[in-house]
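Here are my notes on this one, set out point by point. Have the structure open while you read.

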Amino acid sequence: MTFGQIYGALKKGRWVGRSSKESERLSIMDGRILTSVRVDEKFVVYVNSDVMLTADDLLAEDWVVYN
């Protein structure tokens with residue numbers, strides 16, 4: 001997926017992430033950044049937490065939309 005497609009999905013409130021980092025997902029809802037991380041086989045959602053994206057993350061071709 002292109003960065004534009006991922007950005008469009010985020011603007012619609014969808015969860016996105018890289019398939020190689022399946023335990024980490026991002027979403028934007030009501031102007032808040034949501035991050036989801038798998039902990040002990042459950043997903044924990046953090047609101048307005050720091051999101052660390054590298055240049056490699058932004059250029060990666062393995063981004064997917066989960067919903």
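1. In which strand does I33 lie? Strand β3, which covers residues 32-39. Keep in mind throughout that this is a predicted model. As for its surroundings, I33 has a relative accessibility of 36%, so it counts as partly exposed; the cut-offs here are under 20% for buried and over 50% for exposed.

2. Now to the surface patch that I33 belongs to. Together with F3, Y7, I28, V51, L53, L58 and L59, I33 forms a nonpolar patch with about 740 Å² of accessible area in total. Two elements give two or more residues to this patch: α1, residues 3-11, and α2, residues 55-59.

3. Y7 is worth a look on its own. This patch member is found in helix α1, and with 46% relative accessibility it counts as partly exposed. If you want a feel for the spacing, try Y7 and E22: they are 15 residues apart along the chain, and their C-alpha atoms are separated by 18 Å.

4. Next, the charged pairs. Side chains of opposite charge can pair when their charged atoms come close. How many salt bridges are there by this rule? The count comes to three, and I'd go through them one at a time.

5. Start with D57 and R18, whose closest N and O atoms are 2.5 Å apart. This pair links distant parts of the chain, with D57 in helix α2 and R18 in strand β1 (residues 16-18), 39 residues apart. Are these two partners buried or exposed? Both D57 and R18 are buried.

6. R18 has another partner: its side chain also meets that of D62 in a salt bridge, at 2.7 Å from N to O. Again the pair links distant parts of the chain, since D62 sits in the loop between α2 and β5 (63-65) while R18 is in strand β1, 44 residues apart. D62 is buried, as is R18.

7. The remaining bridge to go through joins the side chains of K21 and D57, at 3.1 Å from N to O. K21 lies in the loop between β1 and β2 (24-29) and D57 in helix α2, so this pair ties together parts that are 36 residues apart in sequence. The two ends differ in cover: K21 counts as partly exposed because its relative accessibility is 35%, whereas D57 is buried, at 4% relative accessible area. Through shared partners, the salt bridges join R18, K21, D57 and D62 into one network.

8. On to the pockets. Rolling a probe the size of a water molecule over the atoms shows where empty space is left. The largest pocket holds about 230 Å³ of space. Its lining is made up of 16 residues, and those nearest the centre are E24, L26, V51, M52 and L53. β1, β2 and β3 each supply at least two residues of that lining. By type, the lining of the largest pocket divides into seven nonpolar residues, three polar and six charged.

9. What sort of residues line the second largest pocket: nonpolar, polar or charged? Eleven are nonpolar, one is polar and none is charged. This pocket has about 180 Å³ of space, and its lining includes F3, Y7, I28, I33, V51, L53 and L58, each of which is also named in the nonpolar patch. I6, L10, L26, S27 and W63 are among the lining residues as well. The elements giving two or more residues to this lining are α1 and β2, and α1 gives the most, with four residues.

10. Two of those lining residues make a handy pair to check. L10 is in helix α1 and is buried, because its relative accessible area is 13%. L10 and L26 are 16 residues apart in sequence, and their C-alpha atoms are 7.9 Å apart in space.

11. Lastly, R25. You'll find R25 in strand β2, and its relative accessible area is 19%, so it counts as buried, with the cut-off being under 20%. The C-alpha atoms of R25 and D40 are separated by 16 Å, and the two residues are 15 apart along the chain.

Technical notes
Residues are numbered from 1 along each chain as its sequence is written. This is a predicted model: local features need pLDDT of at least 70, side-chain atom pairs count only at pLDDT 80 or more; totals for chains, interfaces and linings use all residues. Side-chain values use heavy atoms; hydrogens and water are left out. Patches are made of residues with over 30% relative accessible area and no salt bridge: like charges are joined within 9 Å, nonpolar side chains (Val, Leu, Ile, Met, Phe, Trp, Tyr) within 5 Å. Accessible areas come from the Shrake-Rupley method with a 1.4 Å probe; for residues, only the protein chains shown count as cover. A salt bridge is a side-chain nitrogen of Lys or Arg within 4 Å of a carboxyl oxygen of Asp or Glu. Buried means under 20% relative accessible area, exposed over 50%, partly exposed in between (1.4 Å probe, protein chains only). On a 1 Å grid over the protein atoms alone, a cavity is a set of points where a 1.4 Å probe fits but cannot get out, and a pocket is an open set with protein on both sides within 12 Å along at least five of seven lines; lining residues have an atom within 4 Å of a point. Grid points are joined across faces, edges and corners, and a volume is the space filled by probe spheres set on the points. Ala, Val, Leu, Ile, Met, Phe, Trp, Tyr, Cys and Pro count as nonpolar, Asp, Glu, Lys and Arg as charged, and the others, Gly among them, as polar.
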